[in-house]
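Got your viewer open? Let's walk through this one together, a selection at a time.

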Amino acid sequence: MDPDAVAKAFVDHYYSMFDSNRAGLASLYEDGSMLTFEGQKIQGSQNIVAKLTSLPFQQCQHSITTVDCQPSGPAGGMLVFVSGNLQLAGEQHALKFSQVCVPSTSIFVQFR
């Protein structure tokens, strides 16, 4: 399968899950995963999901503008850059966001 299509499928799934059931993101992280959020480093699936579910908003809607990917590492991994808008419930203006992901090769198997 085309790497761009795999990256897009991963991104679509990730943000759909983020917007509807953040706790469900646990399956996309591993114990060795790390999230850096506004300078804070958070490691491990449970800790990352705890951080994401504790954000000060309950409802949001991501609108993806770009998904760029490139190969990363000898095991067939990918570096994925995502940018777009984040609309929070009750807010008039959307927030801009960007995120860089390096999903493990085992995660990408789900989207191939």
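**First stop: D19**

Start by selecting D19, which you'll find in helix α1. Keep in mind that you're looking at a predicted model. Is D19 paired up in a salt bridge, or does it lack one? It lacks one, even though D19 is buried. Select R22 as well: this is the nearest side chain of opposite charge, and it sits 6.9 Å away. A salt bridge here would need a side-chain nitrogen within 4 Å of a carboxyl oxygen, so that distance is no match. Now show what surrounds D19: setting aside neighbours within four places in sequence, D19 is in contact with C60, Q61 and H62.

**Next: the sheet under the helix**

Select β3, residues 60-72, and β5, residues 95-101: these are the edge strands, each pairing on one side only. Add β4 and you have an open sheet of three strands, in the order β3-β4-β5, with antiparallel pairing. From one strand to the next, the twist averages 15 degrees.

Which elements does helix α1 touch? Colour residues 3-20 and look: helix α1 packs on the sheet, touching β3, β4 and β5. Its direction makes about 150 degrees with that of β3.

Zoom in on β3 and β4 (residues 77-88), which pair in the antiparallel sense over 12 bridges. For one spot along that pairing, pick D68 and find F81 of β4 standing opposite. If you switch on hydrogen bonds, remember that strands of a sheet pair through backbone hydrogen bonds, either parallel or antiparallel.

**Then: a hairpin**

Move to strand β1 (residues 34-37) and strand β2 (residues 40-43), which run antiparallel and are joined by four bridges. Which residue of β2 is the bridge partner of L35? Click on I42 and you've got it. The two strands form a hairpin with two residues between them. In that turn, select E38, which has a positive phi of about 50 degrees.

**Last: zoom out**

Show the whole protein and colour by secondary structure. There are three helices and five strands, and from the N terminus on they run α-β-β-α-β-β-β-α. The radius of gyration is 14 Å, close to the 13 Å that the globule rule gives for 112 residues, so the protein is as compact as a globular protein of that length. Along its principal axes, the C-alpha trace spans about 45 × 30 × 25 Å.

Colour by burial and you'll find that buried residues make up 36% of the 112. Finally, look at contacts between residues at least 6 apart in sequence: 47% of those join residues at least 24 apart.

Note on methods. Residues are numbered from 1 along each chain as its sequence is written. This is a predicted model: local features need pLDDT of at least 70, side-chain atom pairs count only at pLDDT 80 or more; totals for chains, interfaces and linings use all residues. Side-chain values use heavy atoms; hydrogens and water are left out. Two strands pair if DSSP finds at least two bridges between them. Axes are lines fitted to C-alpha atoms, for helices over the stretch in contact, and angles run from 0 to 180 degrees between N-to-C directions. Contact means heavy atoms within 4.5 Å. Buried means under 20% relative accessible area, exposed over 50%, partly exposed in between (1.4 Å probe, protein chains only). Lys and Arg count as positive and Asp and Glu as negative; His and the chain ends are not counted. The radius of gyration is taken over C-alpha atoms; the globule rule is 2.2 Å times the number of residues to the power 0.38.
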